[in-house]
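Me: I should like to learn how to read the side-chain contacts and strand pairings of a protein model. Could we proceed feature by feature?

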Amino acid sequence: MYGFGYDSISDTYKVVVVFSDLTHDDLTIDELMNEVNREVMVHTLGTDSWKNVSEFPFAFVSYCQYGQHVTGTINWLIFAGINRVIASFDLGKECYREVLLPDDSSKVDNNKLLLSVFRDCLCMISGEDVWVMKEYGNKESWTKLFTISSMRDPRASSYPFIWPIRVFEDEQVLMIYREDERWGYISYNYKNDTSKFLDFEITRQDI
């Protein structure tokens, strides 16, 4: 896994890489998650070296390789056993923490989770619901912002992957979606629940 972000303490940009060795074919899943190497290295832009920091504390299987940068932290959604966990690395203190999901599990579809950034807040897409963490690290601040179930392309019945990639000041949200092997963009207004499918499509290599 990897991530890139700004460290306000040192006024520098850093690259973080988490190495995991998943080559032990003779181990069970539980044994693998305990035995796997979880070395972490950090590079500060403007220097010519990498340094090791403390080992990644979560026994995990990566859900998404690229971490989301919010408030001086890099955040990854990972599998820890049977649970999905948001693992956070603080760029300034170079330490780890777990960012908690909402308490009510009925509100979150654990089988369809994605992380993103939404107006400088950590954003979680759970099924067709978009949540934002208004105060980073405070699980009580998770708020459902809108539901995207009304966004349906006449050519398809559903989209297994859909998430916001940018929010504009006029309530317009640029979203990316995938349906089968086809990827595309949607311009969505979450205030009046209207959407427009853009005229061009993209390939996986463009993402």
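**Reading contacts and pairings**

Me: Before we start, what kind of model is this?

Reply: The model is predicted. Let us begin with charged side chains.

Me: How many salt bridges does the structure contain?

Reply: A salt bridge is read from the distance between a side-chain nitrogen of Lys or Arg and a carboxyl oxygen of Asp or Glu, with a limit of 4 Å. By this rule there are three salt bridges. Lys14 meets Asp7 at 3.1 Å, N to O. Glu94 meets Lys14 at 3.2 Å. This second pair links distant parts of the chain, with Glu94 in the loop between S8 and S9 and Lys14 in strand S2 (residues 12-18), 80 residues apart. Glu94 also meets Lys51, at 2.9 Å, N to O. Here too distant parts of the chain are linked: Lys51 lies in strand S4 (residues 50-53), 43 residues apart from Glu94.

Me: Which residues do these contacts link into a network?

Reply: The network of salt bridges consists of Asp7, Lys14, Lys51 and Glu94.

Me: Are Asp7, Lys14 and Glu94 buried or exposed?

Reply: The cut-off for a buried residue is under 20% relative accessible area. Asp7, at 3%, therefore counts as buried, and Lys14 is buried at 5%. Glu94, at 16%, is buried as well. Lys51, by contrast, is partly exposed, with a relative accessible area of 42%.

Me: Glu94 sits in a loop between two strands. How are S8 and S9 arranged?

Reply: For a strand pair, one reads the direction, the bridges and the connection. S8 (residues 83-90) and S9 (residues 95-99) run antiparallel and are joined by five bridges. One of the partnerships sets Ile86 opposite Val99 in S9. The two strands form a hairpin with four residues between them, and Glu94 in the turn has a positive phi of about 55°. As for cover, six of the eight residues of S8 are buried.

Me: Which other strands pair in this manner, and over how many bridges?

Reply: S10 (residues 113-118) is joined to S11 by six bridges, and the two run antiparallel. Phe118 has Cys121 as its bridge partner in S11. A hairpin with two residues between the strands results, in which Arg119 of the turn has a positive phi of about 50°. S11 in turn pairs with S12 (residues 129-133), again in the antiparallel sense, over five bridges. Ser126 stands opposite Asp129 in S12. This hairpin also has two residues between its strands, and Gly127 in the turn has a positive phi of about 65°.

Me: How many residues of S11 are buried?

Reply: Six of the six residues in S11 (residues 121-126) are buried, and the strand is described as mostly covered. Cys123 is an example, with a relative accessible area of 0%.

Me: Why does Cys123 not form a bond with Cys121?

Reply: A disulfide is a covalent bond between the sulfur atoms of two cysteines. The closest cysteine sulfur to that of Cys123 is in Cys121, 9.1 Å away, which is too far for a bond. The search of the whole structure finds zero disulfides. Another cysteine, Cys95, is partly exposed at 32%.

Me: Let us turn to the rings. How many aromatic pairs are found, and how is each described?

Reply: One reads the distance between ring centres and the angle between ring planes. The search of the whole structure finds six aromatic pairs. In one of them, Phe4 and Tyr13 have ring centres 5.7 Å apart and planes at 10°, so the pair is stacked. Tyr13 also pairs with Tyr6, in a tilted arrangement with 5.1 Å between centres and 50° between planes. Elsewhere, ring pairs link Phe56, Trp76, Phe89 and Tyr96 into a cluster.

Me: Are Phe4, Tyr6 and Tyr13 buried or partly exposed?

Reply: Each is partly exposed: Phe4 has a relative accessible area of 34%, Tyr6 of 28% and Tyr13 of 41%.

Me: Which residues make the nonpolar surface patch?

Reply: Tyr2, Phe4, Tyr13, Leu45 and Tyr66 make a nonpolar surface patch of about 480 Å². Of these, Tyr2 lies in strand S1 (residues 2-7) and is partly exposed, at 41% relative accessibility.

Key
Residues are numbered from 1 along each chain as its sequence is written. This is a predicted model: local features need pLDDT of at least 70, side-chain atom pairs count only at pLDDT 80 or more; totals for chains, interfaces and linings use all residues. Side-chain values use heavy atoms; hydrogens and water are left out. Rings of Phe, Tyr and Trp (its six-membered ring) pair if their centres lie within 6.5 Å; planes under 30 degrees apart count as stacked, over 60 as edge-to-face and the rest as tilted. Buried means under 20% relative accessible area, exposed over 50%, partly exposed in between (1.4 Å probe, protein chains only). A disulfide is a pair of cysteine sulfur atoms within 2.5 Å. Patches are made of residues with over 30% relative accessible area and no salt bridge: like charges are joined within 9 Å, nonpolar side chains (Val, Leu, Ile, Met, Phe, Trp, Tyr) within 5 Å. Accessible areas come from the Shrake-Rupley method with a 1.4 Å probe; for residues, only the protein chains shown count as cover. Two strands pair if DSSP finds at least two bridges between them.
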